[in-house]
Amino acid sequence: MIKRLKPKSEFGRNVLTLMTGTTIAQSIPVAITPILTRLYTPEDFGLLALFVALTGTLGSIANGRYELAIMLPEKDEESINIAALSLLIAAGFSLFLLIPAIAFNSSIVNLLGNQEIGFWLYFVPFVVLMTGIFN
């Protein structure tokens, strides 16, 4: 009976594979949510959302979007140079972010209105650097 339900064409099998993977990937967070809500408070989730918003916004501009240009050149040497430039920009931007994170930590905490983010602000440059490297 299962053989009758299985798609006969390769396209149908590929679509079924993608649908199954997407369904499983989306069901995992739904299944784990009751456990996470018992372990963490709403304030913890708010702190995580604030940290992710900061790092996501800064991480998207970390390497100047040069990662999109890596595939454009015909020569591999030029692509390597663009990738190196992208990494240098990400490292420089992360070092630039480290200065306000250290010098203006209390001002940023007051501006954001969350006292607990103060400790995590020191990790923002590192996460932005890792995002730039990943991109």
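Let me start with the aromatic pairs, of which a search of the whole structure, a predicted model, finds six. The pair I would like to show you is Phe-51 with Trp-120, whose ring centres are 6.4 Å apart and whose planes stand at 70°, and because that angle is over 60 degrees the pair counts as edge-to-face. This pair links distant parts of the chain, since Phe-51 sits in helix α3 and Trp-120 in helix α6, which covers residues 117–120, with the two positions 69 residues apart. Trp-120 also takes part in an edge-to-face pair with Phe-119, where the distance is 5.1 Å from centre to centre and the angle between the planes is 80°. If we then ask which residues form one aromatic cluster here, the list is Phe-51, Phe-119, Trp-120 and Phe-123.

Are the two partners of that pair, Phe-51 and Trp-120, buried or exposed? Phe-51 has a relative accessible area of 15%, and because the limit for buried is 20%, Phe-51 is classed as buried. Trp-120, with a relative accessible area of 38%, falls between the limits of 20% and 50% and is therefore partly exposed.

Both of these residues appear again when we turn to the pockets, because Phe-51 and Trp-120 are among the residues that line the largest pocket, together with Tyr-40, Asp-44, Phe-45, Leu-47 and Leu-48. The space in this pocket comes to about 190 Å³. Which element gives the most to this lining? That is helix α3, residues 42–60, with five residues. By class, the lining of the largest pocket holds six nonpolar residues, one charged residue and no polar ones.

Let me stay with one member of that lining, Leu-47, which lies in helix α3. Leu-47 has a relative accessibility of 11% and so counts as buried. Once its neighbours within four places in sequence are left aside, Leu-47 is in contact with Asn-114, Glu-116, Ile-117 and Trp-120, and the last of these is also a member of the aromatic cluster. As for Ser-27, which is 20 residues from Leu-47 along the chain, the C-alpha atoms of the two are separated by 24 Å.

Now to the second largest pocket, where the space is about 160 Å³. Its lining is made up of Leu-54, Leu-58, Leu-97, Pro-100, Ala-101, Ile-108, Leu-121, Val-124 and Pro-125. Which helices each supply at least two residues of this lining? They are α3, α4 (76–103) and α7 (124–134), and the largest share, three residues, comes from α4. In terms of class, this second lining has nine nonpolar residues, with no polar and no charged ones.

Finally, I would like to look at Thr-55, which has its place in helix α3. Thr-55 has a relative accessible area of 8%, so this residue is buried. Where, then, does a polar atom of the Thr-55 side chain find the backbone oxygen of Val-52? The two lie 3.3 Å apart. Not counting residues up to four places away in sequence, Thr-55 touches Val-124, Val-127 and Val-128, and Val-124 is itself one of the residues that line the second largest pocket.

To draw this together, helix α3 carries Phe-51 of the aromatic pair, gives the most to the lining of the largest pocket, supplies at least two residues to the lining of the second largest pocket, and holds the buried Thr-55.

Key:
Residues are numbered from 1 along each chain as its sequence is written. Side-chain values use heavy atoms; hydrogens and water are left out. On a 1 Å grid over the protein atoms alone, a cavity is a set of points where a 1.4 Å probe fits but cannot get out, and a pocket is an open set with protein on both sides within 12 Å along at least five of seven lines; lining residues have an atom within 4 Å of a point. Grid points are joined across faces, edges and corners, and a volume is the space filled by probe spheres set on the points. Helices (H or I, at least four residues) and strands (E, at least two) are DSSP runs, numbered from the N terminus. Ala, Val, Leu, Ile, Met, Phe, Trp, Tyr, Cys and Pro count as nonpolar, Asp, Glu, Lys and Arg as charged, and the others, Gly among them, as polar. Buried means under 20% relative accessible area, exposed over 50%, partly exposed in between (1.4 Å probe, protein chains only). A polar contact is a pair of N or O atoms within 3.5 Å; within protein, one must be able to donate a hydrogen and the other to accept it, and residues adjacent in sequence count only if both atoms are side-chain atoms. Contact means heavy atoms within 4.5 Å. Rings of Phe, Tyr and Trp (its six-membered ring) pair if their centres lie within 6.5 Å; planes under 30 degrees apart count as stacked, over 60 as edge-to-face and the rest as tilted.
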